[in-house]
Amino acid sequence: MKTFYIETFGCQMNAHDSEKVIGTLIGEGYSRVETPEEAELLLYNTCSIRDKAEQKVFHRLQQFKRHNQGKKIAVLGCVAQQEGEKIFDKAPHVNMVCGSASYNKLGEMLVQLETGNRRVTGLSVDTKDPFDTPLTRRDSPYRAWITIIEGCDKACAYCVVPFTRGPERSRTSESVLREAREIAAAGFTEIQLLGQNVNSYRDPSEAGWDFAKLLDAVGRVPGIRRVRFTTSHPRDFVKEIVDAIDINENLCNHVHLPVQSGSSKILAGMQRLYTRDEYMRRIDWMKATRRHIAISTDIIVGFPGETLEDLEATLDLLEQVEYDSIFSFKYSQRPNTSALKLEDHIPEEEKTRRLAIVQEKQREIQMRRNQAYVGTTEECLVEGFNKATGQWIGRTSQNKLLNFISAGSADLLGSYVDVRVTRAGPNSLAGEQASV
Ligand code: SAM
Ligand code: SF4
């Protein structure tokens with residue numbers, strides 16, 4: 001039996017790519033092992049979105065070298081695409097370098113490896129086909145991811161994704177719905193639709209569906225109780241998406257809408273293609289619905305040219321929107337991106353200071369928002385049990401973590417349970433099962 005070990009970094013797209021890579025390897029007769037020592041083939045699915053991602057990858061590859069007696073090593077994902085064949089120069093013990101746009105050829109590439117080819121590459125981003133495989137090894141027994149669109153056609157000034165994941169390519173609505181039905185038949189009840197920009201989804205088949213139509217249809221697949229989606233680009237986030245959430249109860253009460261900055265000047269520098277006012281219009285649509293939609297976002301501080309006034313505008317936006325959660329990052333220079341050419345780069349310590357200010361502000365907002373749930377009853381999908389605290393771990397439709405106790409003795413894993421919220425912290429809620 002051929003064995004493999006895989007390590008994955010980065011976003012949900014990467015995590016789901018790895019599930020499909022694992023499925024493909026198992027289909028090719030490999031079996032998965034839990035440590036590098038046991039494996040014949042080591043795969044490393046990498047992320048290059050921020051920081052010194054490349055250095056971290058080479059450091060880890062150096063550690064892999066220790067296990068390298070006769071083993072094959074493959075680097076996958078964004079660092080593979082970004083660094084390409086240079087990886088072989090810096091880490092000569094690597095045998096395969098493959099970006100995500102070439103995963104369709106993984107089967108052939110494995111054959112090349114097995115037949116003794118020392119250096120195998122898959123680095124073309126010139127593809128029209130998404131990585132559509134029937135063989136996916138899903139990590140969670142309750143929630144399944146479906147990639148609906150790959151790549152990105154935007155050109156945000158700070159972002160490496162268009163270079164590492166190639167141009168946009170959407171799957172047909174028919175293939176997405178087929179996968180959704182299979183997922184439901186396999187017992188999953190929650191689906192998360194994935195893409196760098198799900199809103200620019202365009203069905204390549206004659207049906208020609210847009211994202212709102214696909215979202216609604218996935219929410220109507222029998223057996224599916226929850227549908228989430230990420231990530232939305234504000235420019236392409238149209239009112240029809242909010243209308244679909246408003247009428248279809250199976251679409252979760254949560255939208256992740258990355259704003260990046262509250263200053264229209266910085267948004268223009270970032271080439272985000274919307275102003276603060278245009279972004280706020282989308283927030284207003286969501287706040288006007290009957291559903292209580294939780295909103296989360298991504299923030300970058302310290303983009304070149306960001307003044308204290310611009311930072312103030314971001315803090316003011318956080319307060320105005322009252323986000324339920326945010327991911328916040330210090331701007332980090334990425335290869336090939338147009339922001340490299342900008343002037344007024346902000347010193348690292350100043351970025352760190354600004355990040356702390358943003359995070360402190362958001363902590364207060366989250367504390368306040370979560371307090372408002374105390375006394376309400378929320379439906380949770382139960383995802384785990386914490387033996388140490390005796391609490392079940394649930395997630396609400398609004399994507400809030402809700403830890404709760406149950407007076408009953410039933411195994412609640414995978415079920416939907418009504419929970420009365422009794423306490424709230426900035427990052428989670430706590431409560432007790434409403435009726436047993
Ligand atoms: N496609 C999504 C969008 O447009 O919002 C997000 C893609 S990216 C994987 C996730 C987040 O990483 C971005 O929203 C942004 O906040 C952050 N990010 C991307 N490039 C960055 C950089 N060079 N420095 C700091 N943060 C960055
Ligand atoms: Fe990167 Fe912008 Fe594309 Fe998102 S939309 S992946 S931030 S280029």
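How many bridges join β12 to strand β13, and do the two run parallel or antiparallel? In this predicted model, three bridges join β12 to β13, a strand that spans residues 294–301, and the two strands run parallel. One position where the pairing can be followed residue by residue is Val255, whose bridge partner in β13 is Ile295.

These two strands belong to an open sheet of three strands, in which the order is β12-β13-β14 and the pairing is parallel. At the edges of the sheet stand β12, formed by residues 254–256, and β14, formed by residues 325–330, each of which pairs on one side only. When direction is ignored, neighbouring strands of this sheet are turned against each other by 15° on average. Helix α13, which covers residues 348–371, lies across β13 and β14 and runs at about 175° to β14. Because angles are taken between N-to-C directions and run from 0 to 180 degrees, the value of about 175° means that helix α13 and strand β14 point in nearly opposite directions.

Attention may next be given to the charged side chains. Side chains of opposite charge can pair when their charged atoms come close. The count of salt bridges in the model comes to 33. One of them is formed by the side chains of Arg165 and Asp17, with a distance of 3.1 Å from N to O. Arg165 lies in helix α6 (residues 161–165) whereas Asp17 lies in helix α1 (residues 12–27), and the pair therefore ties together parts that are 148 residues apart in sequence. Both Arg165 and Asp17 are buried.

Helix α1 takes part in a further salt bridge through Lys20, which pairs with Glu150, the closest N and O atoms being 4.0 Å apart. Since Glu150 is in strand β8 (residues 149–150) and Lys20 is in helix α1, this pair ties together parts that are 130 residues apart in sequence. Glu150 counts as buried because its relative accessibility is 4%, and Lys20, with a relative accessible area of 3%, is likewise buried.

A salt bridge is also found between the side chains of Asp216 and Arg220, where the distance from N to O is 3.0 Å. Elsewhere, salt bridges that share partners join Glu319, Glu322, Asp324, Lys361, Arg368, Arg369 and Lys400 into one network.

The surroundings of Arg276, a residue of helix α11 (residues 276–287), can be described in some detail. Arg276 counts as buried because its relative accessibility is 15%, a value under the 20% limit that is used for buried residues. The side chain of Arg276 reaches the backbone oxygen of Gly262 at 3.0 Å, and it also makes a polar contact of 2.6 Å with the side chain of Asp316. When neighbours within four places in sequence are left aside, Arg276 is in contact with Gly262, Ser264, Leu267, Ala313, Asp316, Leu317 and Gln320. Gly262 and Asp316, the partners named above, thus appear again in this list of contacts.

Finally, the cysteines were considered. The count of disulfides in the model comes to zero. Cys156 is buried, as its relative accessible area is 9%, and Cys159, for which the corresponding value is 14%, is buried too.

Notes:
Residues numbered from 1 in each chain as written. Chains lettered and ligands numbered in written order. Predicted model: local features only at pLDDT ≥ 70, side-chain atom pairs only at ≥ 80, totals over all residues. Heavy atoms only, no water. Helix = DSSP H or I, 4+ residues; strand = E, 2+ residues; numbered from the N terminus. Buried < 20%, exposed > 50% of the residue type's maximum accessible area, 1.4 Å probe, protein only. Pairing = 2+ DSSP bridges. Contact = heavy atoms within 4.5 Å. Polar contact = N/O pair within 3.5 Å; in protein donor to acceptor, adjacent residues only side chain to side chain. Disulfide = S-S within 2.5 Å.
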